[in-house]
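Student: I have a protein open on my screen and I'd like to talk it through with you. Could we start with the charged pairs and then move on to other things?

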Amino acid sequence: MSRNIKDYNVGQWQKGKITQEDFAIFIEQVKSYISKRMNHYSIHPNDREDMCQEVLLKLFLVLNYFDFKKSTPIEHYINRIIKHVKCDYVRAKFNRIKRQDALIQTYTTKHQMALLDSCLETNLLVNEKIDCVYSMLTKFTDLERTIMQYILQDYKPKEIARILKIEVKVVYNAIQRCKMKLKQSIKDND
């Protein structure tokens with residue numbers, strides 16, 4: 001590649017008096033070289049063209065200051081620019097990944113805390129209602145109180161009837177009377 005660049009008039013390059021055709025030819029030669037160097041598995045295909053343009057832009061900005069009379073070839077500068085652009089890309093990519101992981105972790109934690117809070121609130125409300133029902137049990141008869149205590153412990157009416165050795169219909173009637181008394185006491189509290 002440097003042989004093609006040396007074919008151009010060095011004086012024109014140094015004075016910045018290069019023709020558009022010469023510059024276009026130079027860019028095409030450099031562009032193919034840059035594209036080959038950007039072909040790496042860690043670089044996303046959509047980002048390769050952007051990175052090539054970034055290298056070309058940096059090269060364009062430096063080209064007016066490059067001294068073609070020195071022994072250092074221009075490929076050295078092009079390779080350095082490519083290396084810096086790749087490193088910038090990798091740094092930005094890892095920073096994006098870190099940021100995404102941090103955001104995911106933050107939202108996961110917030111979601112878990114919200115779930116815990118809602119479970120805690122639900123349990124507190126249920127416990128409060130159960131305490132309220134237990135305090136209202138004083139208004140019930142002994143049979144109603146016993147049946148309601150079993151109901152609050154998640155027993156079924158048939159199981160309660162079997163435990164208390166009474167008919168199932170008596171249990172259902174007692175539950176209905178308890179419901180009516182609870183509704184009345186709730187209306188009185190409101």
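**Salt bridges and the rest of the fold**

Tutor: Gladly; keep in mind that this is a predicted model, and that the count of salt bridges in it comes to six.

Student: Okay, which residue pairs with Asp88, and how far apart are the closest N and O atoms?

Tutor: Asp88 forms a salt bridge with Lys58, and the closest N and O atoms of that pair are 3.9 Å apart. The pair links distant parts of the chain, since Asp88 sits in helix H5 (residues 74–136) while Lys58 sits in helix H4 (residues 45–63), 30 residues apart.

Student: Are those two buried or exposed?

Tutor: Neither word fits, because Asp88 has a relative accessible area of 31% and is partly exposed, and Lys58, at 31% relative accessibility, counts as partly exposed as well.

Student: And what about Arg91, where does that come in?

Tutor: Arg91 also forms a salt bridge with Asp88, with the closest N and O atoms 2.6 Å apart. These two are three residues apart in helix H5, so about one helical turn separates them. Arg91 is partly exposed too, with a relative accessible area of 49%.

Student: Which residues are linked together in a network there?

Tutor: Glu54, Lys58, Asp88 and Arg91 are linked in a network of salt bridges. As background, side chains of opposite charge can pair when their charged atoms come close.

Student: Switching helices: what does Arg177 pair with?

Tutor: Arg177 forms a salt bridge with Glu144, the closest N and O atoms being 2.8 Å apart. This pair also links distant parts of the chain, with Arg177 in helix H8 (residues 168–189) and Glu144 in helix H6, 33 residues apart.

Student: Is Glu144 buried or exposed?

Tutor: Glu144 counts as buried because its relative accessibility is 1%, and buried means under 20%. Its partner Arg177, at 38% relative accessibility, counts as partly exposed.

Student: Which residues in H6 are buried?

Tutor: In helix H6, which covers residues 142–152, Glu144, Ile147 and Met148 are buried. Seen down the axis of H6, the buried residues fall within an arc of 100°, so they line one face of the helix. Just after H6 comes Asp154, which takes a positive phi of about 70°.

Student: New topic: which residues touch the most other members of the largest nonpolar core?

Tutor: That core has 18 residues, and the ones touching the most other members are Val30, Ile34, Met38, Val55 and Ile78. Helix H3 (20–38), H4 and H5 each supply at least two residues of this core. In general, nonpolar side chains tend to be buried together in soluble globular proteins.

Student: What is Ile34 in contact with, leaving aside its neighbours within four places?

Tutor: With those neighbours left aside, Ile34 is in contact with Cys52, Val55, Leu56, Ile78 and Ile82.

Student: Last bit, the big picture: how many helices and strands are there?

Tutor: The protein has eight helices and zero strands, so the pattern along the sequence reads α-α-α-α-α-α-α-α.

Student: And how much of the protein is buried?

Tutor: Of the 190 residues in the protein, 22% are buried. The accessible surface comes to about 14100 Å², with 55% of that belonging to carbon and sulfur atoms. As for contacts between residues at least 6 apart in sequence, 56% of them join residues at least 24 apart.

Terms used: Residues numbered from 1 in each chain as written. Predicted model: local features only at pLDDT ≥ 70, side-chain atom pairs only at ≥ 80, totals over all residues. Heavy atoms only, no water. Helix = DSSP H or I, 4+ residues; strand = E, 2+ residues; numbered from the N terminus. Buried < 20%, exposed > 50% of the residue type's maximum accessible area, 1.4 Å probe, protein only. Contact = heavy atoms within 4.5 Å. Areas by Shrake-Rupley, 256 points an atom, 1.4 Å probe, with all protein chains shown as cover. Arc of directions from axis to C-beta. Salt bridge = Lys/Arg side-chain N within 4 Å of Asp/Glu carboxyl O. Core = buried A, V, L, I, M, F, W, Y, C linked by side-chain atoms within 4.5 Å.
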